[in-house]
Amino acid sequence: MCFDNLDNLAKKNLMSSTPLHDPFAPPVADAKTEVRNTTCYMCACRCGIRVHLRNGEVRYIDGNPNHPLNNGVICAKGSSGIMKQYSPARLTKPLRRKAGTERGAGEFEEVSWEETFSILGERLGKIRATDPKKFALFTGRDQMQALTGLFARQFGTPNYAAHGGFCSVNMAAGMIYTIGGSFWEFGGPDLERSKLFIMIGTAEDHHSNPMKVALSKFKREGGRFISINPVRTGYSAIADEWVPIRPGTDGALMLALIHELIALGLYDRDFLVRYTNSGQLVNLDAAHDEFGMFVRTEVPEEEGCYDPQNKLWWDRNTNKPVVTHKEGADPFLFGEFKLSDGTPVKPAFQLLKERVEDYTPEWAEQITGISAETIRRLAHEMGITARDQQIELPIAWTDSWGKEHDSVTGNPVSFHAMRGLAAHSNGFQTIRALSILMTLLGTIDRPGGFRHKTPFPRPIPPCARTPNDPRAVQPNSPLDGMALGWPSDPDDLFVNADGTPVRIDKAFSWEYPLSVHGLMHNVITNAWRGDPYKIDTLLLFMANMAWNSSMNTSEVRKMLVDKEEDGGYKIPFIVVCDAFHSETTAFADLILPDTTYLERHDVMSMLDRPISEFDGPVDSVRIPVLPPTGECKPFQEVLIELGTRLKLPAFVTKEGQRKYRNYPDFIVNWETAPGSGIGFLSGWRGKGGEKTMRGEPNPNQWEMYAKNDCVHHYKLPRSYQFMRNWNKGYLEWSQRMGITRYAEPILIHLYSEVLQKFRLAAQGKSITRQPPAHLAKRVETYFDPLPFYYEPLEAQTSDKLKYPLSALTQRPMAMYHSWDSQNAWLRQIHSHNYLYVNSRTAKDAGIADGDWIWVESQWGKVRCMASYSESLEPGTVWTWNAIGKAAGAWNLTPDANESQQGFLLNHIISEELPAQADGKRFSNSDPITGQAAWYDVRVRIYKAEEGEPEQTSPQFEPLKKYPGMKEHPSWLAYFGGGKKKDNAK
Amino acid sequence: MTQLALVIDLNVCVGCHACVTSCKEWNTSGSAGPLCDENPYGADPTGTFFNRVQTFEIGQYPNSETLHFPKSCLHCEDPPCVPVCPTGASYKRKEDGIVLVDYDKCIGCKYCTWACPYGAREFDEKAKVMKKCTLCVDRIYDQSLDEIDRKPSCVKACPTSARLFGDVHDPESEISKAIREDGGYALMPEWGTHPANHYLPRRKTKLKIHNDELERADNPLKVDGLLPKPNKNDPSMDDVSAW
């Protein structure tokens, strides 16, 4: 026994029977305390928070009980905001790479903001005056895409996207091209009324607090929760049943479930008939240019109509073709018919039935590893719960065809899915299949099923378009169209006359036609190779592209410093804006220090990804709680200032003078068009704040948000809250509010004409543009108007005997992306990661629990530690993503666990597939959407040799600390706003 | 006599660690604070946390469960940490049963750590005193807070409301009801410590489907004329008997 404190012992009155330490005494005498509301940004959930200040420092942060998103709860990340705010990894000054030093060496010098703006203004001004596409702006999970997108468009570059292409674009595109809405910000499971909930491949940091709140209520109320996932962690842990599945095979499961539901008649026929294109007749004349398209009749088109109601059913009552939704008509869903001109036709549902004919549960068992018996039971549980537990709510509403309904009904089966489905190269068709499964069960925007959130549903596809012509890019002019959009046919592609891509990431080209979120994961590789062309300046905002946000990380880092023969860098100028030191800031030529979320204004805008609830639109704001640290400047302010200096039309008056004082002024006064009444914020519009959604700018809008917990929630009338794809009242309201241009019903695309149009073009049949010959086969194969299963592309080119395992990553609930290793509290929860291996798989490979091993793909290998798991499908290995860091990054010490025991799987995932016969390489992505196929990689594992260092591999030269950054203390004793604070060195 | 306690519902805990850091952020700047962290940005960071979540896997694949298990001081009714304390720093409050450490009396001898069968004590390496969960004694009676905020920080934060708080001696309290109705249990009762905190077990919802429920009279395949009919070539008694 050793008494460290013998000196102190003597001073203590041990005889006292009452406590000496009074737990109720205020820990800081006469403290000045204050509570400020704002919105969290420790992840993308965007909960309402209260920041409690003591003497101007953060004492604690808790959830705002009045906020509709989180109702007072807060997560591990939100509770650790203090450690983000005061992190030693914070950048505090604009920095320039020292002249004469190599990029990546981490030698920076301070520059003033004035100098920074002048460097940027001069360089970008020249680019804009010559060839605006030489400037590329790509952003991470920034929550301000409406502003960054506006800036890029005003600049005139097509080369803009956020991180969606490497996140979950398949989920957005697959669902929006099918049901007009998707999971997370735009819709989700109505767990309040659901009875059966199926969660498939979900990232646990996504929509996390609302999901946790809803899931626990659901379970407590006796709901049944099934998790389909190769791994059982987090949410899946509390599932009533866990169904392990092989990665990348979810499509096969969905199709087999559809097979079983159709075979047994467990589909909601009334729903399919009225609200989907199931009954519509498809032209099956193979010789016809319109083969595979819906037959249209001669109904005069209404002007400005988006999706004219001019398709046909084959009516069971009259045994004749009729215009859909004709009063008294009821279509055949099955069968084949001949039109009077002899054209053979079939209802779309018949084609779906034929499609899934061979997708039996026995077939799916071989692919998914789930027994046919289980697949059947799952289908039965879904079908019977949907059918026998129907909900009826006494809410009258009127549908788009004028039919009045006394009630809203719903089938209480709901789903949630995310990157586990999306991050595969077959994800788009898998998610189409999931959307169709949800549709067969009759669960779209109905109680207990999937519910939309404003601004969704939107027409299929939504109306935003990119330009379709390279001439949209002109010097000194804004881009003539959006940088991102929703192609509805091949003529919407953004390609040159020869079919080659206009964008640096090749989005909206024949290689990835529906890449609605761009392909950020290929920007560096493409720019380095000069394919399709070289660029001058790459501006990255909050994206760790030299580490966890890039595939093939080691090679991408080399590309960032690779030089031309003349000694200039292949990517000549790289600007990084971030609040923190990271692997990526090291490669910058210019660093812009961003503020933290507690130091800035921000909007969660209806123009972007708002935080709407099922019952109506919700948006919110951030209001600074603390002054900026050092010389940090919010990126929003940087964009407004830069836009003004470059005289981008949106930011200056006709005379070229400054239009907006700053970001808050911009937010209040900017409108989508002069006098449109639509701006970034939907609440308290109108001169006195009396209007919602639409109205003149209100000079006191920020104050009104501040007074109302920083959030605006408009509850729709009950009759507008359901069936919104076909709800006349809702759609007309949405049109009046300017949310959508069209108010026609949004029929569910069980059968996708959009996809068929691309296939026809590839077959040389259509009157639209056609793909270059070398891409025709690819487009024809993957643009199938009905969902189908194919093995992920990388697996098709992998030696599966050599690489028998699938490797996955997922993100833990207590971390968001790479952000939190600099957080002293959160990193104690996850300071390094293991490769989890099923104990049986590990033992077969001679690997003991905790052994150092190599995990190797056809692209490379990584040394890491193995950990046994029983909650894991045996053909899968996985790890937590972005815990592993490069040595010294994020201002951690070079010997920190993150770099020594932690590892990054990305080194063995390629951003490109193996070369084609012509030497060209496609992105390792979904051939339809360009979604990064993170989870397709195949690996093998083996024990590290005796004597190998017990350290992860690869290792990199430790990063340096930059000027303006704090030292990392060896002790931390945080005590907010008081004398007890003691940050020992 | 009041005995304040937590009841932790393992049926809904998803292991998100909200309780871990919300506790840390409240208490580091409160009467128990600061809660120190050693090597906060270096190798093997370790700090004082009153609440920790451990995750276990139970069974063997595929018959396995993953369990998230939040753990903090259980505020035993017979706390073994109290009598072993040589200075009387470990004590149990008469008013509400909360077990506290008097930091001004603690000499950091760690006897209490050895006595506690639950590993709930947290030695603060900087202050050289023993610390542990206080049930946020400096929040729950604070009249300057709104009533809904007068709860332990972890309880307020928990997104799945897996943490219930109340008087375990009051049979009508929410937590007593939960223990009674949902099979609440105490950890390692064989130690005779009578932990005030309890845990609620996993509860599973199953759906039993009888085959005769698969088909109903209103089966849409009837409408669409596609209800499966036996093939005329299928086996039948006609094949074997002429009666």
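Visitor: What makes the seven strands β5-β4-β25-β24-β23-β6-β7 of chain A an open sheet with mixed pairing, and which strands stand at the edges?

Guide: In this predicted model, the seven strands of chain A form an open sheet in that order, with mixed pairing. Strands are DSSP runs of E, at least two residues, and helices runs of H or I, at least four, numbered from the N terminus; two strands pair if DSSP finds at least two bridges between them. β5 (108-110) and β7 (160-161) of chain A each have a single partner strand, so one side of each lacks a neighbour in the sheet.

Visitor: How do you know that β6 and β23 of chain A pair?

Guide: Five bridges join β6 (residues 135-139) to the parallel β23 (residues 537-541), and pairing needs at least two. A:Phe135 has A:Thr537 as its bridge partner.

Visitor: Why is A:Ala650 called partly exposed?

Guide: A residue is buried if 20 or more other C-beta atoms, placed from the backbone, lie within 10 Å of its own, exposed if 12 or fewer, and partly exposed in between. A:Ala650 has 16 C-beta neighbours inside 10 Å, so it counts as partly exposed. A:Ala650 lies in the loop between α17 (635-645) and α18 (663-669) of chain A.

Visitor: How many nonpolar, polar and charged residues make the contact of α21(A) with α22(A)?

Guide: A:Phe758, A:Arg759 and A:Ala762 in α21(A) meet A:Ala776, A:Val779 and A:Glu780 in α22(A), contact being C-beta atoms, placed from the backbone, within 7 Å. These residues divide into four nonpolar, no polar and two charged. Ala, Val and Phe are among those that count as nonpolar, and Glu and Arg among the charged.

How values were computed. Residues are numbered from 1 along each chain as its sequence is written. Chains are lettered from A and ligands numbered from 1 in the order in which they are written. This is a predicted model: local features need pLDDT of at least 70, side-chain atom pairs count only at pLDDT 80 or more; totals for chains, interfaces and linings use all residues. Two residues are in contact if their C-beta atoms, placed from the backbone, lie within 7 Å.
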